[in-house]
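Hello,

Here is the structure I promised to pass on. My notes on it follow below.

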Amino acid sequence: MSLTFSGGDLSILYVSKAYRMKNQIVNFMKYLRISIVTLWCSSFVCTKSFAQISFWYNFKGTASLTINYVNNSDQKIWHIFTYKMFPDQEVRLSDTIPVGSGNRNYLLPIGLPQKVTLKTTGKELTLLLTPGSTLVCNLDFKNLARSSIDAPDSLRAINEYLIRKDLSVATPFKTRRTLAAQRSATLEEFGTKMTELYLEELQFFNANKGELPRWYQSFEYWENRYSDATERMNAPLQRELSRQVKDSIPPTYYRFLDSLALNNDAAKYSYPYYLFLYELFNKRRTDYDLEHGSKSNFLDYHIEQANKELSGEALDLFKAFTIQLVFNHYKREVAKDYINNRDSIFSNTVWLDELKSFFQSKDNRAGKGKVPPNFVLIDSRDSLTWLRSLKGNIIVLSFWFAGCRPCIEEFPAENRLADTFKDRPVRIVSVCVNTSEEMWKKWSERFGLKTINLWANSQWEKTIIERYDLTVFPRYVLIDKDYKIVETYADRPSQGLERQIKSLLEN
């Protein structure tokens, strides 16, 4: 998830013939009206069986994923990604898979029914885990269609459905939605492509939903609907930032909101539901400020909208999710002060307790005025570098991973910093995480890094991510000559980092 911040603002950055398209849209809207009534009445009744806890959300939940593989003809790297909403834990793993047969075991943070992405052999497979579950995925690299799942009946049926869905198309639906936003000439064309994609995904769901447990039928339906809506909400800003051109928004562009419930208890287990609400409230805030010539307080406005539109357990989770975002990506003190002055913000105090515990755990990690957590990592010459050995210099830690576009964009500026301060007591240290050693070397050579270039293996990677609280990339940490952290979120090299370094040299 890429985030950009401007002052108090905070925003998240996600053809057929005309006659046939018109009929599809008409049928689509008819289906929505019927399906919403049906699914709303059946609701999303989840039992404790998937969570194995007394409370509906598992704050410390985990799940076990084992991947067995056969017929691997050459050494591969697969990538695993999942995101737990609260307290937020993003997992990005890269694992090298030897030739032949074998297995890998992973313990992943899971708070609700949660999707896990596995990218391998040019394919992207989606799996679903629930808190406390154990899932075994058997992959046949010679023919992924022969892959199978070992799990309790309902979880097996769900994951076999998800694998069939991914293998039924050349490119995953979520990737095609993102590409549609980037490649469409206009928002009108984008809207048409999104409707086509949704109808295609809905057709697959309808053809297979009979084999799925009732609770997951509702989960998958709403997950698809809110994923579609989130992409549509996000597209105008995303296109403006990437294309440097502001689209003219068609008068009917936001019509998809007309049939989309906001206070939807049936969707409270779905991460895309909360992203959609977040984007919708962002739009409302922007529209309100433009109309009134004001700049509303981000947190106050989102909480106010949530109290107005939501209720019950989803309301508590959305508020905790939003306060957590402010803490992680804007100003920690703003989030702390907010909950300290509002003891009754949640209907269930467990959310307040978990937020305070989360804040405290973060404060115990790398922070201003503290000694930076040490690490010992391999460099590009196959030697070991101790962070502590650089004491006495001003140190810039640059955390990145292969595939991170904003990280790549900063490499030239990092190289310029290395050249600018090469004769001064300044060390620019690049630390690569969430990346195989092979990919780290490949990317380092490709972009000609002039920094002290280090790679974190799987053992060090987990420690570094936890101790430095790495949730967004690139991330820059500035350390002074006394070996104390000065900035945990220093400016980027292309922005004000050089000025920050010179200021420390002058002191």
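**A sheet, a helix pair and a cavity**

Four strands (E, DSSP runs of at least two residues, numbered from the N terminus) form an open sheet in the order E5-E4-E7-E8, with antiparallel pairing; two strands pair if DSSP finds at least two bridges between them. Strands E5 (89-97) and E8 (123-129) are at the edges with a single partner strand each, so one side of each has no neighbour in the sheet. On average, neighbouring strands here are turned by 20 degrees against each other, direction ignored. Axes are lines fitted to C-alpha atoms, for helices over the stretch in contact, and angles run from 0 to 180 degrees between N-to-C directions.

This is a predicted model: local features need pLDDT of at least 70, side-chain atom pairs count only at pLDDT 80 or more, and totals for chains, interfaces and linings use all residues. Residues are numbered from 1 along each chain as its sequence is written, and side-chain values use heavy atoms, with hydrogens and water left out.

Within the sheet, E4 (residues 76-84) and E7 (residues 114-120) run antiparallel and are joined by three bridges. His79 has Lys119 in E7 as its bridge partner.

Now the helices (H or I, DSSP runs of at least four residues). H8 (residues 312-329) packs against H9 (residues 332-340) at about 145 degrees, the axes being 6 Å apart. From H8, Ile323, Val326 and Phe327 make contact (heavy atoms within 4.5 Å) with residues of H9, including Val334, Tyr338 and Ile339.

Best wishes
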